[in-house]
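Reader: I'm new to this, so could we go through the words one by one?
Author: Sure, let's look at the picture together.

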Amino acid sequence: MLREAIQAGTPLGLEVKQIIESGALIGDEIITRLAFDRLREPDTSGGFLLDGYPRTIPQAEALDAFIKGRPLVIVEIDLSEAEVLHRLASRMVCEECGANSQETGGGLQCHDCGGPLVARADDAEEVVRNRLAVYRRQTEPLVQYYTGRKTFHRVNGAQLPDDVTRDILRAIDA
Ligand SMILES: [Zn+2]
């Protein structure tokens, strides 16, 4: 949704672009407006998946109010900070379509469209460290916020991707 806003080049999109490139997180009000606009579309009536939202306690409180008691499964994908740094250091993005990709040594072409891959502008080491600091301050308290709910699950993110997927699907089924 953030990429769409940036590509659309709207005033909101330009604002979003500047914030992302500085490594900060988008403010609660902007991101909540974007998320809830999307969740009001009819294709979400049977359920939806949120990735990267909510990221702060105010966003989580807004989401609880928005869904009005409908069931919400929360999955924390747990990964050490060292592994996060390692993965971000090799992350590439497609210049054409904006898809994320991991540098594998097997050519620098997008899986989706064949476009050229470049290092992400927001993945410079200092930006990454700043983002981790923001995560610890703003997002880690969410674990406390959701812990104790029967629908809260922690998944080991250091496993192979298929095993992470399996554990997430199990959490949703539960
Ligand atoms: Zn692409």
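Reader: How do you know which residues are far apart in sequence but still in contact?
Author: Two residues are in contact if their C-beta atoms, placed from the backbone, lie within 7 Å. In the protein chain, 55% of the contacts with a separation of 6 or more join residues 24 or more positions apart. By the way, this is a predicted model: local features need pLDDT of at least 70, side-chain atom pairs count only at pLDDT 80 or more, and totals for chains, interfaces and linings use all residues. Residues are numbered from 1 along each chain as its sequence is written.

Reader: What makes the protein chain as compact as a globular protein of that length?
Author: Its radius of gyration is 17 Å, close to the 16 Å from the globule rule for 174 residues, so the word fits. The radius is taken over C-alpha atoms, and the rule is 2.2 Å times the number of residues to the power 0.38.

Reader: Why is α3 called roughly parallel to α4?
Author: The axes of α3 (residues 28-39) and α4 (residues 57-67) cross at roughly 30 degrees and come within 10 Å. Axes are lines fitted to C-alpha atoms, for helices over the stretch in contact, with angles from 0 to 180 degrees between N-to-C directions. Angles under 35 degrees count as roughly parallel, so α3 and α4 earn that label.

Reader: Which residues of α3 and α4 meet?
Author: Asp28, Ile31, Thr32 and Phe36 in α3 meet Pro58, Gln59, Ala62 and Phe66 in α4.

Reader: How many helices and strands are there?
Author: The protein chain has 8 helices and 5 strands, which are DSSP runs (helices H or I, at least four residues; strands E, at least two) numbered from the N terminus.

Note on methods. Angles under 35 degrees count as roughly parallel, over 145 as roughly antiparallel, 65 to 115 as roughly perpendicular and the rest as oblique.
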